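User: I am new to reading protein structures, and I would like to go through this one feature by feature. Could you begin with the general idea each time and then turn to the case in front of us?

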Amino acid sequence: MTARFGDVWQRLRRLCGGFRCAPGERDHGVRQKLLVGAVIAIACTAILAMSVIVRSYGDYQRARDNLIGLESFRLILETANLLSAERGPSNSVLGEGVKSEGPLAARLALFRTRSDAALGTLFAMSHSKTTGVVIPAALLTPVRDQLVAARREVDRVAALPPPLRSLADVQSVIENMFQVVDTFQTVIRWKAAQLTISNPDLAGEVLASRMFGELREYGGRLASEIMAPIAVREPQPVKNLAAANQTRGRLIELWNLAGVQGALGLRHPRFAEALRDVEREFFGDGVAMVDALIAEGRKSGDYSMTAEELTNRFVPTLEPLERARKVFLDLTVDELNEVRSKALTMLGGTIGITALFVATLLGLILAAQRFIFNPLLQAHNEVVGLTTAGAVASGRVVQHAPEIRRLFEAISALRDNLAERDSLTQHLRQLAETDGLTGLLNRRMLDLVGENRAGTAGDGRACLILMDIDHFKTINDGYGHLEGDRVLKECVQRVGAMLRASDIFARFGGEEFAILIPDGDFAAAVALAKRVRYVLQTGPFALTSGHELRITASFGVATGHLGRASWPRLIEAADAALYRAKSEGRNRVRVAETIHLVPPMTPLDAEHDQDSGRSLASL
């Protein structure tokens, strides 16, 4: 009996031994899976952390770029101020003459040295990219050339004996100095456009800075407009009085925008004090001084001041204008510095927290391996060992489910983060393809369509209409850019309502628009241009002030093929036709000269011909 029991026991041991693996092999496989899981967890955490770090770095870089851009814009505005200030000593020597060793000559030389140094700095920036700011030398060269020519005229007239200086000579010299600053406006406009395009957050600050710079320029012009008659002791001509009155109106308009409204909402005691100084010293004392001299000049050439005395007394009243601009820029730069510091702090904090989080994760993995997985491996071996007795404890692995669920929650968070990034990328793409003011396609997207699309007509041709609103600058100058923007948007709404779904409507630039008609029906395109011209001409545009404007537009129509090689020629043809429409009196439709298709005259054309006295039958 005992022998029989022993034989059965030996058979059971051999049978169970066939199902067992070496414990070392099982431990190696589980540890390998643990290592893979740890690598996956760290990789997911690193991806999430990098997305946060990249965003924080982007905020810091944007704040830094804003600061660099505004500082370079400040340098350009200060250069414009120095060029404007040079008119002061120039006006003085025109009235009093200049001696090579006299104080007037020394003062003029000092101001010229300052202007040259400022322009030299800008030229240096045009040749070096180390500062991160590059100004095209092609914009600066005309300023330098105009300044040299203007100075040459100042020296020539100042060298003449006072009796030989004519009003025309002195007035011409002053206008040449005006032209220097006017030429430099190209640099200011270029930089302002560059800043607002690359850093839309700076649009308000750039606009306010330009307004304060123009306040200083037109403030100086107010006295310069009447300086020539004072220098030669003659009564004020009507031309000078009209120019002074126009300059005064421009000053009041700028002051209402920049001063009374507090430069787009900036509230600070220093800035408020600077505005009060402008109101008191310039618009009080300085303008009153000019008014008194104008009153004297209306009667005779017997003025209570000489040109030098007017310069010496009037220039100090311009200092509050310069101070207001400086205070505004100082405060704005302080704010940008604060934003940059916060962004840098956020970036450092994000990196530190990320490093701490990764270190903590590694610590948890090591702790889990020591205090959880190793005991589980030991328990696993014991459970396998119990199988020999049939005591199987099932379901213990369910305890791992929460940890696995948290891993997939982290992956889901990563997926949501990438989806958010894709959404932002799509939004940025839309901003890059459309015009921010009108919502139309921009010039870049219109070129892409023209270069990569074929016409749908039988011969593969398409039609292009270029439309330019006539005298739009007078709307901006007379009513302000906000009203001009409203007029542009209203024009877009009216024209868009007349187009088909297949027509492509785009903003070509400024007040110029393009309509691309893919089906190539040239007669229909010309008819459409005439209808649009009539609708714009006959419908008044209401301003927020209650005034109504009547606007007109000029049109150039051309037909041709689309494609990378043909598209530039189609634009050139339509642009040439538009130029002819403007040169022949505006408010008319003209087609490219190479086109011989002549559509019949419509009643709308007949009405325009009666008004303008010129027939469109030539189309």
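**Reading strands, helices and buried places**

User: In which sense do β2 and β3 pair, and over how many bridges?

Analyst: Strands of a sheet pair through backbone hydrogen bonds, either parallel or antiparallel. Here β2 and β3, the latter covering residues 512-517, pair in the antiparallel sense over five bridges, and within this pair Arg507 stands opposite Phe513 of β3. Two strands count as paired if DSSP finds at least two bridges between them, while helices (H or I, at least four residues) and strands (E, at least two) are DSSP runs numbered from the N terminus. This is a predicted model, in which local features need pLDDT of at least 70 and side-chain atom pairs count only at pLDDT 80 or more, whereas totals for chains, interfaces and linings use all residues. Residues are numbered from 1 along each chain as its sequence is written, and side-chain values use heavy atoms, with hydrogens and water left out.

User: What is the strand order of the open sheet, and which strands stand at its edges?

Analyst: The open sheet has five strands in the order β2-β3-β1-β6-β7, and its pairing is mixed. At the edges stand β2 (504-509) and β7 (589-591), and because each has a single partner strand, one side of each is left without a neighbour in the sheet. Neighbouring strands are turned by 20° against each other on average, direction ignored; the axes behind such angles are lines fitted to C-alpha atoms, for helices over the stretch in contact, and angles run from 0 to 180 degrees between N-to-C directions.

User: How does β1 pair with β3 and β6, and is β1 enclosed or open?

Analyst: β1 pairs with β6 in the antiparallel sense over nine bridges, with Leu464 opposite Ala558 in β6. Six bridges join β1 to β3, and these two strands also run antiparallel; there, Leu466 has Ala514 as its bridge partner in β3. Eight of the nine residues of β1 are buried, so β1 is largely enclosed by the rest of the structure, where buried means under 20% relative accessible area, exposed over 50%, and partly exposed in between (1.4 Å probe, protein chains only).

User: Which helices lie across this sheet's strands?

Analyst: Helix α16 (residues 481-496) lies across β1 (461-469), β2 and β3, running at about 155° to β2. Helix α18 (residues 567-583) lies across β1, β2, β3, β6 (553-561) and β7, and its direction is about 150° to that of β6.

User: Where do Glu86 and Glu225 sit, and are they buried or exposed?

Analyst: Glu86 is placed in the loop between α2 (23-85) and α3 (87-96), and it counts as buried because its relative accessibility is 0%. Leaving aside neighbours within four places in sequence, Glu86 is in contact (heavy atoms within 4.5 Å) with residues including Phe111, Arg112 and Met177. Glu225 is found in the loop between α7 and α8 (227-231), and is likewise buried, with a relative accessible area of 10%. Its C-alpha atom and that of Asn240, 15 residues apart along the chain, are separated by 5.8 Å, and Asn240 is among the contacts of Glu225, as are Gln171 and Phe178.

User: What sign has phi at His471 and at Arg586, and where do these residues lie?

Analyst: His471 has a positive phi of about 50° although it is not a glycine, and it lies in the loop between β1 and α15 (472-479). Arg586, also a residue other than glycine, has a positive phi near 65° and lies in the loop between α18 and β7; with a relative accessible area of 29%, Arg586 is partly exposed.

User: How many cavities of 30 Å³ or more are found, and which elements line the largest?

Analyst: On a 1 Å grid over the protein atoms alone, a cavity is a set of points where a 1.4 Å probe fits but cannot get out, and lining residues have an atom within 4 Å of a point. A search of the whole structure finds one cavity of 30 Å³ or more. Of the 13 residues lining the largest cavity, the closest to its centre are Ala80, Ile188, Gly213, Glu214 and Glu217. The elements that give two or more residues to this lining are α2, α6 (167-198) and α7 (203-224), and the largest share, five residues, comes from α7.

Conventions: On a 1 Å grid over the protein atoms alone, a cavity is a set of points where a 1.4 Å probe fits but cannot get out, and a pocket is an open set with protein on both sides within 12 Å along at least five of seven lines; lining residues have an atom within 4 Å of a point. Grid points are joined across faces, edges and corners, and a volume is the space filled by probe spheres set on the points.
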